[in-house]
Amino acid sequence: MITIGGIFGRIGVLLIGYLALRLVLKVIVNLLRQNGKPLPEALKKVFQFVNKTHRLVGISAVSVIIAHFVLQYSRFNYIPLAGLLAGLALLLQAGAGLLMCAEKDKAKRQKFLVAHTVWGLILVAAVFNHRLKIFRM
Ligand code: HEM
Ligand code: HEM
């Protein structure tokens, strides 16, 4: 049965997919640039749009998952470990992204950037785990 808490969870998955698209596009754009290939105009536009909306979508994803957390907990009365890990990964990822933005020191910003990139992959894996129950948590 589809519940409102479940719908928030699904919206969260979609938003996190959109956030991860930034990393995918960044890799494609960097590969094209390294090979001296011109960027197709459409790709440039999509990349700019995804970059521009990234922060807002990130904050929306956090809000949607907080709603998911509250609704699922009040319905099921338990907190699945995999869900908790995915939720914590999302909060840390948002923190790293926003701190990176606020950081003035270039070397420190670079560290946040690496953390935000690597952590992004961990977040995607944690969401997969919560939905597919790979580790039976
Ligand atoms: C990034 C974070 C998370 C995402 C993307 C996410 C996503 C989802 C999705 C898509 C569903 C399936 C809903 C359905 O089929 O109707 C779900 C189920 C569920 N989620 Fe989450 N969730 C996250 C974090 C959490 C957290 C922090 C909790 C803690 C209460 C939680 C608790 C649950 C519960 C209890 C269920 C239903 C039972 C189960 O599958 O274990 N989730 N979640
Ligand atoms: C959880 C919510 C998230 C928030 C609040 C967030 C926030 C940010 C912020 C503030 C920046 C700095 C530049 C800008 O303002 O656009 C950034 C950059 C970036 N984020 Fe996120 N982000 C989130 C999730 C993700 C996820 C899930 C991924 C990938 C799996 C990701 C990948 C990236 C990448 C690749 C960059 C660009 C780094 C560069 O400049 O090369 N982010 N993010």
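These exercises cover confidence, helix packing and a ligand shell in a predicted model.

**Exercise 1. Find the mean pLDDT of the chain, and the elements with the lowest and highest means.**

Solution.
- Step 1: Start with the chain. The average pLDDT is 95.
- Step 2: Check the spread. A score of at least 70 is reached by 98% of the residues.
- Step 3: Go to the elements. H4 has the lowest mean pLDDT, 96. H2 has the highest, 98.
- Step 4: Keep one caution for reading any model. Where pLDDT is low, coordinates should not be read in detail.

**Exercise 2. Describe how helix H3 packs with helix H4.**

Solution.
- Step 1: Locate the pair. H3 spans residues 81-102, and H4 spans residues 106-132.
- Step 2: Take the geometry. The angle is about 160°, and the axes lie 8 Å apart.
- Step 3: Classify the angle. Angles over 145 degrees count as roughly antiparallel, so H3 is roughly antiparallel to H4.
- Step 4: Add the handedness. H3 and H4 cross in a left-handed way.
- Step 5: Sort the contact by class. The contact of H3 with H4 holds 17 nonpolar, 7 polar and 1 charged residues.

**Exercise 3. Work out which elements and residues surround ligand 2.**

Solution.
- Step 1: Count the shell. Ligand 2 is surrounded by 25 residues.
- Step 2: Pick out the closest. They are Leu19, Ala20, Gly58, Gly97 and Gly120.
- Step 3: Assign the elements. Helix H1 (4-34), helix H2 (41-76), H3 and H4 each give two or more residues.
- Step 4: Find the top contributor. H3 gives the most, with 7 residues.
- Step 5: Split the shell by class. It has 14 nonpolar, 8 polar and 3 charged residues.

Methods. Residues are numbered from 1 along each chain as its sequence is written. Chains are lettered from A and ligands numbered from 1 in the order in which they are written. This is a predicted model: local features need pLDDT of at least 70, side-chain atom pairs count only at pLDDT 80 or more; totals for chains, interfaces and linings use all residues. Axes are lines fitted to C-alpha atoms, for helices over the stretch in contact, and angles run from 0 to 180 degrees between N-to-C directions. Helices (H or I, at least four residues) and strands (E, at least two) are DSSP runs, numbered from the N terminus. Angles under 35 degrees count as roughly parallel, over 145 as roughly antiparallel, 65 to 115 as roughly perpendicular and the rest as oblique. A crossing is left-handed if the near helix is turned anticlockwise from the far one by less than a right angle, and right-handed if clockwise. Ala, Val, Leu, Ile, Met, Phe, Trp, Tyr, Cys and Pro count as nonpolar, Asp, Glu, Lys and Arg as charged, and the others, Gly among them, as polar. A residue is near a molecule or strand if its C-beta atom, placed from the backbone, lies within 6 Å of it. pLDDT is the predictor's confidence in each residue, from 0 to 100.
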